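These notebook entries record what I looked up in one structure, entry by entry.

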Amino acid sequence: MKSLKQLLVIALVTIITVSPSFANPTDKDDNEISKLRAAVENAAATDWAVYSNAAERCIELKANLSEAFVWIEKSIAINENAENLEIKGDYLALNGAKDMAIEAYNKAILAGMIAGDDVAKLQKKVLKMSRR
């Protein structure tokens, strides 16, 4: 009986010590979203990259997508370029707007070609979207 009690105590202590390591993953995401919001709020009015990067991270997390769309549109309004157009395409693709995503990717390809960037990754995205 004593060994059963010891076993139960050990199990309880193990559960208590291990539980925090399985914290809700959305807590971490919420904290990251808060940091992204703070970065955007403190960004210079001409800093398109802050808006673009914040939107991209939200798309990766598949969280805060409505705000991500506002941020990517703001980034494009400041300085339309291949990077933020690609992120817009990723957002549209994630939300099932295939034709609009392809259009954004094609604009990104053109902007990238004008800037002298490698556009192979973008071309693969268009090809993949076109096959669906």
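**Entry 1. The pocket and what lines it**

I worked from a predicted model throughout. I began with the largest pocket and asked which element gives the most to its lining. The answer was helix 5, with 5 residues. I then listed the elements that give two or more residues to this lining, and found helix 5 (82-94) and helix 7 (120-131).

I noted 13 lining residues for the largest pocket, with Glu-56, Ala-82, Glu-83, Glu-86 and Lys-121 nearest its centre. I sorted the lining by residue class and obtained 4 nonpolar, 1 polar and 8 charged. For the space in the largest pocket I recorded about 150 Å³.

**Entry 2. The overall fold**

I next looked up the secondary structure and counted 7 helices and 0 strands. Read from the N terminus, the order of elements is α-α-α-α-α-α-α. I also checked burial over the 132 residues of the protein, of which 32% count as buried.

**Entry 3. Helix 3 and the loop after it**

I checked the length of helix 3 (residues 48-61) against expectation. Its 14 residues should span 20 Å at 1.5 Å a residue, and its end C-alpha atoms are 20 Å apart, which agrees. As buried residues of helix 3 I listed Trp-48, Tyr-51, Ser-52, Ala-54, Ala-55, Cys-58, Ile-59 and Leu-61.

I looked at Ser-52 in helix 3 separately. Ser-52 has 0% relative accessibility and therefore counts as buried. I noted that Ser-52 and Glu-86 are 34 residues apart in sequence, with their C-alpha atoms 9.9 Å apart in space. Glu-86 is also among the residues nearest the centre of the largest pocket.

I then turned to the backbone just after helix 3, where Lys-62 takes a positive phi of about 55°. I placed Lys-62 in the loop between helix 3 and helix 4. Is Lys-62 buried or exposed? I found it exposed, with a relative accessible area of 58%. Asn-64 is found in the loop between helix 3 and helix 4, and I recorded for Asn-64 a phi near 55°, a positive value in a residue other than glycine.

**Entry 4. Helix 4**

I moved on to helix 4 (residues 65-78), which has 14 residues. From the first C-alpha to the last, helix 4 reaches 20 Å, close to the 20 Å expected. I listed its buried residues as Ala-68, Trp-71, Ile-72, Ser-75 and Ile-76. Where do they lie around the axis? They cover an arc of only 135°, which puts them on the same side of helix 4. I recalled the general rule that an α-helix has 3.6 residues a turn, so residues three or four places apart point the same way. On the face of helix 4 turned away from the buried side I found the exposed residues Ser-66, Val-70 and Ala-77.

**Entry 5. The aromatic pair**

I searched for aromatic pairs and the count came to 1. The ring centres of Phe-69 and Tyr-91 are 5.1 Å apart and their planes lie at 35°, so I entered the pair as tilted. The pair links distant parts of the chain, with Phe-69 in helix 4 and Tyr-91 in helix 5, 22 residues apart.

I checked how far each partner is covered. Phe-69 counts as partly exposed at 29% relative accessibility, whereas Tyr-91 is buried, with a relative accessible area of 13%.

**Entry 6. Helix 6 and a contact with helix 7**

I measured nothing by hand here and took the computed span of helix 6 (residues 98-115): its 18 residues reach 25 Å from first C-alpha to last, close to the 26 Å expected. I listed Ala-101, Ile-102, Ala-104, Tyr-105, Ala-108, Ile-109 and Gly-112 as the buried residues of helix 6. Seen down the axis, they fall within an arc of 160°, so they line one face of the helix. The face turned away from this buried side carries the exposed residues Asp-99, Glu-103, Leu-110 and Ile-114.Lastly I looked up Lys-124, which is found in helix 7. Lys-124 is exposed, with a relative accessible area of 61%. I noted that Lys-124 and Tyr-105 are 19 residues apart in sequence and 9.9 Å apart in space, C-alpha to C-alpha.

How values were computed. Residues are numbered from 1 along each chain as its sequence is written. This is a predicted model: local features need pLDDT of at least 70, side-chain atom pairs count only at pLDDT 80 or more; totals for chains, interfaces and linings use all residues. Side-chain values use heavy atoms; hydrogens and water are left out. On a 1 Å grid over the protein atoms alone, a cavity is a set of points where a 1.4 Å probe fits but cannot get out, and a pocket is an open set with protein on both sides within 12 Å along at least five of seven lines; lining residues have an atom within 4 Å of a point. Grid points are joined across faces, edges and corners, and a volume is the space filled by probe spheres set on the points. Helices (H or I, at least four residues) and strands (E, at least two) are DSSP runs, numbered from the N terminus. Ala, Val, Leu, Ile, Met, Phe, Trp, Tyr, Cys and Pro count as nonpolar, Asp, Glu, Lys and Arg as charged, and the others, Gly among them, as polar. The expected span of a helix is 1.5 Å times one less than its number of residues. Buried means under 20% relative accessible area, exposed over 50%, partly exposed in between (1.4 Å probe, protein chains only). The arc is that of the directions from the helix axis to the C-beta atoms. Rings of Phe, Tyr and Trp (its six-membered ring) pair if their centres lie within 6.5 Å; planes under 30 degrees apart count as stacked, over 60 as edge-to-face and the rest as tilted.
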